[in-house]
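Thank you all for coming. Today I would like to talk about charged side chains and how they pair, so please have a look at the model while I go through a few examples.

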Amino acid sequence: MPLSGDLFIGTSRARTAATFRAVAPATGQPLEPAFAGAGTEEVDRACRLAARAFTGYRALAPDERARFLEAIADAIMGLGDELIERAHLESALPRERLSGERGRTVNQLRLFADELRAGGWLGLRIDPALPERTPLPRPDLRQRRIPLGPVAVFGASNFPLAFSVAGGDTAAALAAGCPVVAKGHPAHPGTGELVAQAIVAAARDCNMPEGVFSLLNGESHELGAALVAHPAIRAVGFTGSRRGGLALVKIASERPEPIPVYAEMSSVNPVLLLPGALERRAEAIAEGYVASLTLGVGQFCTNPGLVFGIAGPALDRFASAAAGALAGIAPGTMLTAGIHAAYEEGVRRLRQHPRVELLAEGTEPAGPACGRAALFAVAGEDLAADPSLAEEVFGPSSLIVRCRDADELLALVTGLEGQLTMTLHLEDSDEALAARLLPALEQKAGRIIANGWPTGVEVAHAMVHGGPFPATSDGRTTSVGTLAIERFLRPVCYQNLPQALLPPELRDDAPPRPRRVDGAWRLD
Ligand code: NAP
């Protein structure tokens, strides 16, 4: 399907005088077509339409919403190679990787469809009336979760499909019964438009209310700010930089009626190499580390940016094997010129730090916006003296921290900011130390990994892609996996309502669904 560069306001298209073009990171050249930039008028139209759609959309049976999600997944697959080609052009990510990401995106939509039919997300609880109870009778209490209302979704540049227009936040919000107004990422507007075409076609085929989905593009922060400030928006899902996420949190909290912002932001994903594991397999761990660090030119929020070990010959073996492997890594084109410039600046800062040692760099860059891998080392006491060394450098750069002993390792981990993940490499002989570290790890991260690497996030029921601030703005939840639906729901209790007025799923004759009756779980 040809790209129009239009804005999608429900099923209508709109153009504006303000336009911008995507830039191909591999060449630095602008791409056709010109995309319309939304202003406050288009924000207002999309948000009002979403508010109108909400009444009908939230009232649909879960199965109808599930069929809509499945239709979106089918329509995305129906875009075929055109989607992969455009995403490749706009992001410089390899086609194979993008094809895997598309699979993840559609599987995510289908998983939420299954979740809708399973019904646990409704959070049904029934405490039947106890009229004979003394000294006071208990009323009949019934609880379910209802959707919040229209959700604004901001995707990141590094996942043009899985964390973008039809990514996890959109899937979770639509599943919950919330219309979505997506703010397209300016780095991949063509990819965003193709996906929007698929969503709009699915909405038409499934007779969804007009305005259940809109896509607004633009290059200025004002667009995102206006969207978050709009009174019709009831929640925000954001994936991107810490600065962007915090700006939106501030706007949302200063509204006359504040709303929640679920911002997934920065993380350095510390990896702890325990002594037994280092002693036994320092070289093999180093190989896995460099592969994880340099995957996708290091442009993953789960990139292992910080590695801790106890100083000694085994850690030296690890560092020298990692340096050897990294020195052979060819630089890859980064997502945008801005991300490349920020990466170069982060690496320059580490290179110039008087206490930081450069262990290795990848091979010389051969093209524009190429990110050259870099490996650094620092003593634990120097990290303690300058915690800014643990800040995210988005790209294939990582810092090995040589700790004096296990006590210093524990103290340094305890002093870190919140993270998406923490990883332990351990052998049986390390279990006592691991048990000592675990409470600190739980306090710091959303996911704890043993003998693996943080890159690669399974879309599943038990996944947590979240974590304490600044990994996210709200560490009580996740942006990946079925639990993500709960971000866009809130509980309502119905006290002594007549059966006819109760929502169908709370009536006495409701079909069996997971629920809690008088405190006891019933799964039939
Ligand atoms: P980004 O620059 O923050 O952009 C994300 C979105 O937010 C874009 O639509 C951007 O559009 C908008 N935005 C940014 N700053 C804004 C502001 N001040 N006001 C209003 N809107 C704003 O992030 P990115 O470069 O796409 O992604 C790279 C970053 O994302 C890395 O730091 C990475 O670690 C992080 N990330 C985190 C996760 C996670 O799950 N935690 C996943 C992937 C990536 P405009 O620029 O047009 O305003």
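Let me begin with arginine 67, which in this predicted model has a relative accessibility of 45% and therefore counts as partly exposed, since that class lies between the 20% and 50% cut-offs. Its partner in a salt bridge is aspartate 63, with 3.3 Å between the closest N and O atoms, and aspartate 63 is likewise classed as partly exposed, at 32%. Both residues belong to helix α2, which covers residues 62–78, and they are four residues apart, or about one turn of the helix.

This pair also has company, because salt bridges with shared partners join Asp63, Arg67, Glu70 and Arg117 into one network.

Where, then, do we find a pair that links distant parts of the chain? Arginine 95 and glutamate 85 form a salt bridge at 2.8 Å, N to O, and here arginine 95 sits in helix α4 (residues 95–118) while glutamate 85 sits in helix α3 (residues 81–91), 10 residues apart. Arginine 95 is partly exposed at 41% relative accessibility, and glutamate 85 is partly exposed at 35%.

My last example is glutamate 361 with arginine 372, a salt bridge whose closest N and O atoms are 3.9 Å apart. Glutamate 361 lies in strand β15 (residues 357–361), whereas arginine 372 lies in the loop between β16 and β17, 11 residues apart. With 21% relative accessibility, arginine 372 counts as partly exposed.

As for the whole structure, it holds 35 salt bridges, and those I have described are among them.

Technical notes: Residues are numbered from 1 along each chain as its sequence is written. This is a predicted model: local features need pLDDT of at least 70, side-chain atom pairs count only at pLDDT 80 or more; totals for chains, interfaces and linings use all residues. Side-chain values use heavy atoms; hydrogens and water are left out. A salt bridge is a side-chain nitrogen of Lys or Arg within 4 Å of a carboxyl oxygen of Asp or Glu. Helices (H or I, at least four residues) and strands (E, at least two) are DSSP runs, numbered from the N terminus. Buried means under 20% relative accessible area, exposed over 50%, partly exposed in between (1.4 Å probe, protein chains only).
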